[in-house]
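Please open the model in your viewer and keep the selection tool at hand. Each stop below asks you to pick something out and then look at what surrounds it.

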Amino acid sequence: MDDNDQLGAGGHAQAARENVYGFNRATMWEQDQIPSETSDQLAEFADLAAALPQAFSQLSSTLEQAQAHQVLSMDTMTDESDPAMAIGVARLHLEEARSLAVDLHKHLDAARNATAHVISQGVDDGQESMPWDQP
C-alpha cells in the first residue's frame, strides 16, 4: 500500500494542487526544455483535465446525497439561509466546470498534438551560421 492509498478525497485534491504549484515553480525559469518534453508534460496535463469532469460530477453527486440524507443549515458567514439553494448553485457551477474541463482537455490535447513532432536541434547561441557551417 503506498502513501496515496492513505489519502482521503481532500488529501488527493490538496496533493494535486501542490503538485501543480511544484510544476509551476520547476518550470518558472526553464529555458532549455525541448519541445518533446513540453509535449510530454502537455499529455500529462491533458490526462489530468480528462479526469476532471468525473471528479466534478462526483462532487455534485456528493452534494446531492448530502442534501437528501443529512440535516443541513447555513452558518452566519453568508446571507444565504437555504442550504438547498446553496447546493443548487454549487451544482450548477460544477456542471459548468465539468463542461469547461472537457474543453480544457481538448485544448491541451491539441497543444500536445501540435508539439509532438517538433525536433530540437539544440540551443541557438544567437550567432549567425556561416555558409561553410551548413550541411
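Begin with the lining of the largest pocket, and colour its residues by class: in this predicted model you should find 11 nonpolar and 5 polar residues there, and no charged ones. The lining is made of 16 residues, and those nearest the centre of the pocket are His12, Ala13, Ala16, Leu52 and Ala55, so it helps to label these five before you turn the view. The volume of this largest pocket is about 450 Å³. Rolling a probe the size of a water molecule over the atoms shows where empty space is left.

Which helices supply the lining of the largest pocket with at least two residues each? Select α1, residues 9–27, together with α2, residues 35–69, and you have both of them on the screen. The largest share of the lining comes from α2, which gives 9 residues.

Now zoom out to the whole chain, where you can count 3 helices and 0 strands, and where the order of elements from the N terminus on reads α-α-α. The chain has 135 residues, and buried residues make up 9% of them. If you look at contacts with a separation of 6 or more, 69% of them join residues that are 24 or more positions apart, and the next stops show some pairs of residues from distant parts of the sequence.

Next, select α3, which runs over residues 83–115, and place a distance between the C-alpha atoms at its two ends. At 1.5 Å a residue, the 33 residues of this helix should span 48 Å, and because its end C-alpha atoms are 47 Å apart, the model agrees with that expectation. At the start of α3, show the side chain of Asp82, where an oxygen reaches to within 3.0 Å of the backbone nitrogen of Ala84.

Which residues of α3 are buried? Highlight Pro83, Ile87, Leu94, Ala101 and Leu108 to see them, and then show α2 again, since α2 is included in what covers these buried residues. An α-helix has 3.6 residues a turn, so residues three or four places apart point the same way.

Stay with α2 and select Ser39, which is found in that helix. Is Ser39 buried or exposed? Its relative accessible area is 5%, which lies under the 20% cut-off, and therefore Ser39 counts as buried. Leaving aside the neighbours within four places in sequence, Ser39 is in contact with Arg112, Thr115 and Ala116.

Further along α2 is Ser60, which counts as buried because its relative accessibility is 10%. With neighbours within four places in sequence again left aside, Ser60 is in contact with Arg91 and Leu94, and Leu94 is one of the buried residues of α3 that you highlighted before.

Keep Arg91 on the screen and add Glu64, another residue of α2. At 36% relative accessibility, Glu64 counts as partly exposed. Glu64 and Arg91 are 27 residues apart in sequence, while in space their C-alpha atoms are 8.2 Å apart.

For the last stop, select His107 in α3, which counts as exposed because its relative accessibility is 60%. Then add Leu42 to the selection: from His107 to Leu42 there are 65 residues in sequence, and the distance in space is 9.8 Å, C-alpha to C-alpha.

How values were computed: Residues numbered from 1 in each chain as written. Predicted model: local features only at pLDDT ≥ 70, side-chain atom pairs only at ≥ 80, totals over all residues. Heavy atoms only, no water. 1 Å grid on protein atoms, 1.4 Å probe; cavity = no way out; pocket = protein on both sides within 12 Å on 5 of 7 lines; lining within 4 Å. Points joined across faces, edges and corners; volume = space filled by probe spheres on them. Helix = DSSP H or I, 4+ residues; strand = E, 2+ residues; numbered from the N terminus. Nonpolar A, V, L, I, M, F, W, Y, C, P; charged D, E, K, R; others polar. Expected span 1.5 Å × (residues − 1). Buried < 20%, exposed > 50% of the residue type's maximum accessible area, 1.4 Å probe, protein only. Contact = heavy atoms within 4.5 Å. Polar contact = N/O pair within 3.5 Å; in protein donor to acceptor, adjacent residues only side chain to side chain.
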